[in-house]
Amino acid sequence: MIKAKYVWPLLMALLFFGCDDNTGALGLDIFPDGDKNITGHTTTFNVQTGSQLSGAVFSKTHIGYVGKFTDPYFGYYEAGFLAEIHCTDSLTFPSVYDPVTNPTGIMVEDKPYATELILTYNSYFGDSLTACRMSVYQLDQHLDKNKAYYTDINPEDYYNENDPNSLLGRKAYSALDLTLSDSVRALDDYYPYVRVNLPNELGQQIIDESRKCEQNGTNFADSFRELLKGIYVKSDYGDGTILYVDAIELNVSYQVYVKDSLNTSVLKKKYEVDENGNAVDSTAYSKRTFAATKEIIQANQFKNNDDLILKRQAETQWTYLKTPAGIYTQFTLPLKEIETKLGTDTINTMKLTFPTYDQTNDYNKYKFSISAPSNILLVREQDKDAFFKENKIIDSKVTYIATRYGNSYEFTNLTKLVTACLAEKKAAQIEAGSSWNEQAWLEAHPMWDKVAIIPVVISYDTSGNTAVTNIVSIQNDLKPGYVKMKGGDPNQGGNLLQLEVVYTTFH
């Protein structure tokens, strides 16, 4: 029987911290036989945090970032991206109409009417009216699907800016397209885009290669990939706007005849004749689309003002999260203290909260302020790079997600993380046997107790049962974002955070 006087504090502690199934045991691999007394306790452990430079981060993503922005707090940065364009295996162009030799053809001429690149974006950061310009270059080297690309990728390794043939087109734009009426922009199916006219020579090469592959029975998709190895989209004018491009299309348009129901005769335009009085053929325009999909490699490049990033990172009174590719927060788990104090107890919950500061004062003079990241990933320092490269998702054991609510991020139970770390050291101790040297092992594994907090973007699968939202991908957050969090070095004006623990003691 459990003594009643011990039940009340245990129930109150569990109610305060919440319940879930992420409980763990330290030193209680075998429960004692028979009825035992159980006592519920709460305690706290100090946690020290610090700002770390993220350096270049894994940048493969389905969003392309392009533009420039100068931030008064973190300085200047510039974004551009490289992408491959996809061609389906079954893609072909229709044949050219001839009333005698090919009455079922529809193309007016075997040439393109227009060749263009459409960059669609659902959102952007900064001033919607800033005058900007982008340039589009074609790559002369393939992106390697087996290579991990980071935000410090050098586009010049993949194209030659001095080659006049590498420039495909330029386009001046603003995030809010003032060439369109308000009524058009208000339509439900309207998505903002930038249209870049490309040389028709490229469109002609694509059509000619398609004809050649169709005649020889070879794969046009492979030939297309060699013809256009990829594109580099670069911001070359304007400061104040970053576009988040989430769809890329290369369109090759051509003129076609409007045919009768038998697809053999060309229909004539009503009430329109040529200079000889003959009825004019009815024509229209069609296109073939080549797109950059999520399955195709896309790499983003970012350039930051390193001096201001270093200045912010060196501040010790607090810590930062700064995107893209700027600063993340690292903290040290108090594993030795937990092992010493709770080694024979059962841990029910471990809660760690990261309070954030109100950052409006940092930006009260500026029109466009950077907002705090919505979601953060908790991952062991030694695993953070592999997490993104291998496209992992959280397991709620050694990786966790928290969403900013109010002025804090909260991880409600890190018990399994602590258990996994201690089990790792225990396994090494067993393997070493009598030669075990704990201090030497700790020196050889300096990241063993280090954990990283990183801003991320989460994609969900909402297909099927909309009541269930499964995470399908977690990527580095590459949008402009920043938040200042409580923490830092307590010896230099900072504060220790508190790891709050509910645990159970068996007597």
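## Overall organisation

Of the contacts in the protein with a separation of 6 or more, 81% are between residues 24 or more positions apart. The model is predicted, and the protein contains nine helices and 25 strands. Of its 507 residues, 45% count as buried, while the area that the protein exposes comes to about 25600 Å², 49% of which is supplied by carbon and sulfur atoms.

## Confidence along the chain

The mean pLDDT of the protein is 88, with 89% of the residues at 70 or more. Among the elements, strand 19 (residues 375-380) has the highest mean pLDDT, 98, and helix 1 (residues 4-17) the lowest, 47.

Over residues 1-19 the pLDDT stays under 50, and for this stretch the model has 27 contacts beyond four places in sequence. The pLDDT is also below 50 over residues 27-31, a stretch with seven contacts in the model beyond near neighbours in sequence.

## Helix 4 and its cover

Helix 4 spans residues 220-227, and Phe-220, Ala-221, Ser-223 and Phe-224 are buried in it. Viewed down the helix axis, the buried residues of helix 4 fall within an arc of 160 degrees, and therefore they line one face of the helix. This arrangement can be set beside a general property of such elements: an α-helix has 3.6 residues a turn, so residues three or four places apart point the same way.

The cover over the buried residues of helix 4 includes helix 3 (200-216), together with strand 11 (241-257) and strand 14 (283-292). At the start of helix 4, a side-chain oxygen of Asn-219 comes to within 2.7 Å of the backbone nitrogen of Ala-221, and Ala-221 is itself one of the buried residues of this helix.

## Arg-380 and its surroundings

Arg-380 is placed in strand 19, the element with the highest mean pLDDT. Because its relative accessibility is 4%, which is under the 20% cut-off, Arg-380 counts as buried. The side chain of Arg-380 makes a polar contact with the side chain of Glu-424, at 2.8 Å.

Leaving aside residues up to four places away in sequence, Arg-380 touches Val-398, Leu-417, Cys-421, Glu-424, Trp-448, Lys-450 and Val-451. One of these residues, Lys-450, forms a salt bridge with Asp-449, in which the closest N and O atoms are 3.0 Å apart, and both Lys-450 and Asp-449 are buried.

## Salt bridges

The structure holds 18 salt bridges. One of them pairs Glu-438 with Lys-425, with 3.2 Å between the closest N and O atoms. Glu-438 lies in helix 9 (residues 438-444) and Lys-425 in helix 8 (residues 415-432), so this pair ties together parts that are 13 residues apart in sequence. Glu-438 counts as partly exposed, at 25% relative accessibility, whereas Lys-425, at 3%, counts as buried. Both residues also belong to a network in which salt bridges that share partners join Lys-336, Glu-339, Lys-425 and Glu-438.

Another salt bridge is formed between Lys-392 and Glu-390, where the closest N and O atoms are 3.5 Å apart. With a relative accessibility of 36%, Lys-392 counts as partly exposed.

Definitions and conventions:
Residues are numbered from 1 along each chain as its sequence is written. This is a predicted model: local features need pLDDT of at least 70, side-chain atom pairs count only at pLDDT 80 or more; totals for chains, interfaces and linings use all residues. Side-chain values use heavy atoms; hydrogens and water are left out. pLDDT is the predictor's confidence in each residue, from 0 to 100. Helices (H or I, at least four residues) and strands (E, at least two) are DSSP runs, numbered from the N terminus. Contact means heavy atoms within 4.5 Å. Buried means under 20% relative accessible area, exposed over 50%, partly exposed in between (1.4 Å probe, protein chains only). Accessible areas come from the Shrake-Rupley method with a 1.4 Å probe; for residues, only the protein chains shown count as cover. A salt bridge is a side-chain nitrogen of Lys or Arg within 4 Å of a carboxyl oxygen of Asp or Glu. A polar contact is a pair of N or O atoms within 3.5 Å; within protein, one must be able to donate a hydrogen and the other to accept it, and residues adjacent in sequence count only if both atoms are side-chain atoms. The arc is that of the directions from the helix axis to the C-beta atoms.
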